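User: I would like to learn how to read a few local features in a protein model, going step by step from a single residue outwards.

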Amino acid sequence: MRGRCGERARTVVLAALVLLLLASTRWEGAEARPAAWGHLGAGSSQRARNVVMVMCDAFDGRLTFYPGNQTVILPFINLMKRYGTVFLNAYTNSPICCPSRAAMWSGLFTHLTESWNNFKGLDPNYTTWMDVMQKHGYHTQKYGKLDYTSGHHSVSNRVEAWTRDVDFLLRQEGRPMVNLTGNKTFMRVMEEDWQNTDKATSWIRKEATSFNQPFVLYLGLNLPHPYPSPSTGENFGSSTFLTSPYWLEKVTYEAIKIPKWPPLSDMHPVDYYSSYTKNCTGQFTRKEIRDIRAFYYAMCAETDAMLGQIISALSDTGLLKRTIVIFTADHGELAMEHQQFYKMSMYEASSHVPLLVMGPSIKAHHNLSNVVSLVDIYPTMLDIARIPIPQNLSGYSLIPLLAEMAEDDVSSRRLHPPWVLSEFHGYLSADPDELTNIATTFPEVTHFLDKKLRSIVNYPRISASVHKYNKKQFINWKQSLGQNYSNVIANLRWHQDWLKEPRKYKDAIHRWLQMNTNE
């Protein structure tokens, strides 16, 4: 079900509330897991549990269960499913990198963190769940991509976010493309991620084994996010799906589904805006679409191998039996569904994330259909560490859903509601391709969801705040450039379109700046 949208993508609030009430799914033929894991109930005298979290970037959560898991071989995700629990309906709280990660590290919804775009995140000194665990005696370590504080990403990225209310359409990305590198033995395609995985593995083997206190380790990966595309110019975007034959062999081409696209003229204005700015409104052959999706799945296979290296290190050192392992992502990847790539959409491919948990006291071979989201990570981490959970968090502990044996105080925990909130401040269904708007078909459900959404967040007020923030930030940036403004703005990622009609686009920005923001 889609939220209500205005006519123009730049002026719409995409604060979508997803309410899913699904029947639970049982996985037959469960195998016994290692007896060494045992159970860790409230009265257990065993050592406190370690936690290892691997968070990747842009991983479509639907690949962790049927039928999505038929497209690519993911042995270590499958291992986590066999010996742990997979959430079938886990969602991002904002389908864009920094806002999503800010929600995960803070346990708060996006309208509370005010992380409106990739430039606006948490304060660097914000107290995260890892900070709290450290104060309670946990050894803590982080490697790789974090991306939850303010001030990062390119100038193009932030200016594009600030000008979503401007009445113009400009392509902001290179055309999505594929690139095959190396040979059938070449594994380390994303070398930066592998180096961070190596560091985390070394830390497990050389340091974590000597700790007397529990530890929490975080590994952030860039994959399977598309790679930069320098050919698009100085301020290039990331539109290249890059892999090697080694990983491409893990993909079953026959199982790749070619998404259905409506004619451009039939697209909702929000979809057309997204498709155009992502440079996807041109002609694509079926082979091009299939290749983009295949290369993306191959990048997911490489991600899985990094997860596997961490699990193997825990197993080899004997730490796995007292360590809870969590695998998730900040958001998904459209991979040409709805004639788009990237994220920044409430469609399933963009908003559905993987969430798998494995370890002592966690149910094995278990599928959970409950709707959950990334803000639930914060209270879950504290619950694992038996630290009191603050009442002001947006999320809920997942331990009552995960625990093999209920602990004594489980009845005192807040139960997770049957909904999750996901927000994108830039502009679900029996219909698997998400091509039919069913909001008018089910007015009672639509009314219920809108009422529930308004009880959680005053989205007209939040929308007005975002519009004012965008304009203020743009004005400050423009003034900081002085005489260089015209040259700088013309040569951002949208330069190919801008330079064709510079006066048109400058005038559009001028009109926007002259308008009062009194929503």
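User: In which helix does Ser106 lie?

Analyst: Bear in mind that this is a predicted model, and that the assignment below is read from its atoms. Ser106 lies in helix H2, which spans residues 97-106.

User: Is Ser106 buried or exposed?

Analyst: The general idea is to compare the relative accessible area with a cut-off, and a residue counts as buried when that value is under 20%. Ser106 has a relative accessible area of 1%, so the residue is buried.

User: Which residues does Ser106 touch, once those up to four places away in sequence are left aside?

Analyst: Such a list shows which parts of the chain meet at a residue. For Ser106, the residues touched are Thr113, Leu122, Tyr126, Tyr378 and Leu393. Closer along the sequence, the side chain of Ser106 also reaches the backbone nitrogen of Leu108, at 3.1 Å.

User: How should I read the peptide bonds, and what is the geometry of the one from Tyr66 to Pro67?

Analyst: The quantity to read is the omega angle. The bond from Tyr66 to Pro67 is cis, with omega near 0°, and Pro67 itself is found in the loop that runs between strand S2 (50-56) and helix H1 (75-83). The peptide bond from Leu223 to Pro224 is cis as well, with omega near -5°, and here the proline, Pro224, belongs to the loop between strand S6 (215-220) and strand S7 (240-243).

User: What is the phi value of Met336, and where is this residue found?

Analyst: Here the sign of phi is what to look at. Phi of Met336 is near 80°, a positive value in a residue other than glycine, and Met336 is found in the loop between strand S8 (323-329) and helix H10 (348-351). His338 also lies in the loop between S8 and H10, and has a positive phi, near 60°, again in a residue other than glycine.

User: Why do Met336 and His338 count as buried?

Analyst: The same kind of reading as for the serine applies. Met336 counts as buried because its relative accessibility is 0%, and His338 counts as buried because its relative accessibility is 7%.

User: How many helices and strands does the protein chain have, and what share of its residues counts as buried?

Analyst: The secondary structure of the chain comes to 17 helices and 11 strands, and 58% of the 519 residues count as buried. The accessible surface comes to about 21400 Å², with 52% of that area belonging to carbon and sulfur atoms.

Methods: Residues numbered from 1 in each chain as written. Predicted model: local features only at pLDDT ≥ 70, side-chain atom pairs only at ≥ 80, totals over all residues. Heavy atoms only, no water. Helix = DSSP H or I, 4+ residues; strand = E, 2+ residues; numbered from the N terminus. Buried < 20%, exposed > 50% of the residue type's maximum accessible area, 1.4 Å probe, protein only. Areas by Shrake-Rupley, 256 points an atom, 1.4 Å probe, with all protein chains shown as cover. Polar contact = N/O pair within 3.5 Å; in protein donor to acceptor, adjacent residues only side chain to side chain. Contact = heavy atoms within 4.5 Å.
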